[in-house]
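User: Could you take me through this model, with a close look at one part of it? I work at the bench, so plain words are welcome.

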Amino acid sequence: MRTQLLIDGALVPGGRGVFPTINPATEEPIGAAADGDPDDLDRAIAAARMAFDTSDWGRDTALRVHCLRQLRDELGDEIETLREIVIAEAGAPRMLTYGGQLQTPVDDLAFPADTAERYPWTADLGEAAPLGIATRRTVVREPFGVVGAITPWNFPHQTTFAKLGPALAAGNTVVLKPAPDTPWCAAEVGRIIAEKTDFPPGVVNIVTASDHRIGALLAEDPRVDAVSFTGSTVTGRAVMTAAAATIKKVFLELGGKSAFLVLDDADLGAACAAAARTVTTHAGQGCALTTRLVVPRRRYGDAVDAVVAAMSAIPFGDPSDPKTLCGPLISARQRDRVQSYLDLAVAQGGEFGCGGGRPGWAHRGFYIEPTAIAGLTNDARAAREEIFGPVLVVLAHDGDDDAVRIANDSPYGLSGTVFGADGERAAGVAARLRAGTVNVNGGTWYCADVPFGGYKQSGVGREMGLAGFEEYLETKVVATAVASGTER
C-alpha cells in the first residue's frame, strides 16, 4: 500500500484519499495510491519554491552530486521491489526491467551526477571595450528554479529519472506529477528519497493523483519556472498553451510515427525481423518505436510474409514471464483505442497479415495481438497517427528518394531506422531523415550521454546527454568594468 505523497520532505496522505492501481495483465486492482488534490500540488509547489529560494541547493554542487549518487545506490539496493512494481503496475515485461524499464535508468543517474561535478559553471570571455568601456565578461550557468515534471505511464522509471537526474543535478527543485496509471512506481521512489537519502526538504516533491488535469496546474502556476513534459502531442500542445501565460521554459518529448526504411540491397528477412521485434516491445507502447515499415515495392509481398513470420514468433503474454517481450496494453481505454485504429485500417482498405484484435486466450488483461497491416498508403490514418500498440504498417517505396519522402511525410520526427547492405549508402539515406534519432543497420542510440528528442511535432528540446542537462540551466552574463591601470 504505497499511499503517500512526498511533500516538503515528508510522506503525507493525499487530499482525496486513495485510488486503485490496476494490473493490466489481469484487470484486477493490486492496491491503492495516494490521490492528491490541487491543495496538495499547491503545497508541493510552495515547498519547492521555498527550498530553491532559501537554501544552498542551487549553489552547492557537491551536495547535489552526493544526493544523486546516494539515490542511485539506494534504488539499486531495492531494485527487486521496484522490478515487481513496474511489472505489476505498468505491465512491463520482466526482460525489459533489466534494461530501459528500470535497471538502465537507475544506473544512468550516474551521468547527471558526473556531469554536474565536472561542468564548467562559469566561462571567462576575457576583456573587451564595448562602447569604449574596458570590461571583463563572464558567462554563468544557473538553474531555472522550480521545475514541474509530468511523466507518462509507458516507461515510468526511464522518464522519471531522465527528468529528475538532470534537473536536480543542475540545481533546480522539482515537483513530479506521474501518470495516474503508474503511481506506485513514483511513490516508491518518493519513499526511498524521504527515508534513505539526504535530499533537503522541498527539493523533490511527488504528487500522485487520479486526475490528469492536476498536472496542468504546474504549467499555469507562476511559481514554477520550467515544465518538462513527456506524453502525447495533443497534451503537449495544452501544456505549451498553459505555460505561455507566464512565459516559462517548456521542454516537450512527444509522439512519433517513426519509419523503418529497408533499402533494395538489404537483408529483407533480418530487417523485417528487427522491425517486428521493435514494434512489439512493451506492446508497442514507446514513442520512438518504428511503426511504419517502408520496403521496396518489388519485394513487398515477401516483406509482409517475413513480418508475419517474425511476429508469430514474438513471445507474447504474461509480463511476469521472463521470456515475454509483448505484454498487455496499459488499460481498457488504450486497448479500445488501438482496436479502433485496427478497425479503421480495414475500413480504409488495409488487410491484416496477422493479428487484428484481442487474442482468443485473453479472457482477462488488456491484450492486443501483434499486428501487421498491409495494403495501405502513407495517407491512411493508421500510417499517419500514433497508435501506441503492437501494430506495424507495411508500406511500399520506389527507391531511396521515395523512401525518404515517405518517412518525412509525417507531422512527427522522433526517430527512424535504415537497413542496407552498403553502409555508406544507408548512412546517406539516414542523413536525409528529419528525425531526432536514427539508427543504421541495428545501431543503438539509447544511452545516458546521447541527447534524445524530436523534430516537428515530436517535441521541443532534448532529454539526456549534455544537451538534456543544459535544458535545465539559465545563462547569465556578468560584465565587470576594469578600472584604468588595474593589473590584469
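Which residues point one way from strand β7, and which point the other way?

Analyst: Happy to help. This is a predicted model, so local features are described where pLDDT is at least 70 and side-chain atom pairs count only at pLDDT 80 or more, while totals for chains, interfaces and linings use all residues. Residues are numbered from 1 along each chain as its sequence is written, and side-chain values use heavy atoms, with hydrogens and water left out.

From β7, V146, G148 and I150 point one way, and V147 and A149 point the other way. In a regular strand, side chains alternate between the two faces of the sheet. β7 spans residues 146-150, and 5 of its 5 residues are buried; buried means under 20% relative accessible area, exposed means over 50%, and partly exposed lies in between (1.4 Å probe, protein chains only). Strands here are DSSP runs of E with at least two residues, and helices are runs of H or I with at least four, numbered from the N terminus.

What lies beside β7? Strand β8 (residues 173-177) pairs with β7 in the parallel sense over 5 bridges, and V146 stands opposite T173. Two strands count as paired if DSSP finds at least two bridges between them.

Another sheet is the open one of 3 strands, ordered β5-β6-β22 with antiparallel pairing. Its edge strands are β5 (122-128) and β22 (473-481), each pairing on one side only. From one strand to the next, the twist averages 20°; such angles run from 0 to 180 degrees between N-to-C directions, with axes fitted as lines to C-alpha atoms, for helices over the stretch in contact. β5 and β6 (residues 135-143) are joined by 6 bridges, and E127 faces R136 in that pairing. In the segment after β22 you will find S484, which is exposed, with a relative accessible area of 81%. The C-alpha atoms of S484 and I133 are separated by 9.8 Å, although the two residues are 351 apart along the chain.

Next comes the open sheet of 7 strands, in the order β14-β15-β16-β13-β12-β18-β19 with mixed pairing. β14 (351-354) and β19 (437-440) stand at its edges with a single partner strand each, so one side of each has no neighbour in the sheet. Neighbouring strands are turned by 25° against each other on average, direction ignored. At the β14 edge, 3 bridges join β14 to the antiparallel strand β15 (residues 371-374), where A372 is the bridge partner of C354. Helix α11 packs on this sheet and touches β13 (290-296), β14, β15 and β16 (391-397), its direction making about 165° with that of β16. Helix α12 (residues 332-347) also packs on the sheet, touching β14, β15 and β16, and its direction makes about 25° with that of β15.

S258 belongs to β12 (residues 258-262) and is buried at 3% relative accessibility. Leaving out residues up to four places away in sequence, S258 touches A288, L289, T290, T291, R292, L414, S415 and G416, where contact means heavy atoms within 4.5 Å.

α11 (residues 300-312) has a helical partner too: α10 (residues 268-280) packs against α11 at an angle of about 50°, with the axes 8 Å apart. That makes α10 oblique to α11; angles under 35 degrees count as roughly parallel, over 145 as roughly antiparallel, 65 to 115 as roughly perpendicular, and the rest as oblique. The contact involves L268, C272, A273, A276, V279 and T280 of α10, together with D302, A303, A306, V307, A310 and M311 of α11. These residues divide into 10 nonpolar, 1 polar and 1 charged, with Ala, Val, Leu, Ile, Met, Phe, Trp, Tyr, Cys and Pro counted as nonpolar, Asp, Glu, Lys and Arg as charged, and the others, Gly among them, as polar.

Two loop residues round off the tour. Most residues other than glycine have a negative phi. A283, in the loop between α10 and β13, has a positive phi near 55° and is buried at 1% relative accessibility. I247, in the loop between α9 (233-244) and β11 (249-253), has a positive phi of about 50°, but I247 is exposed, with a relative accessible area of 72%.
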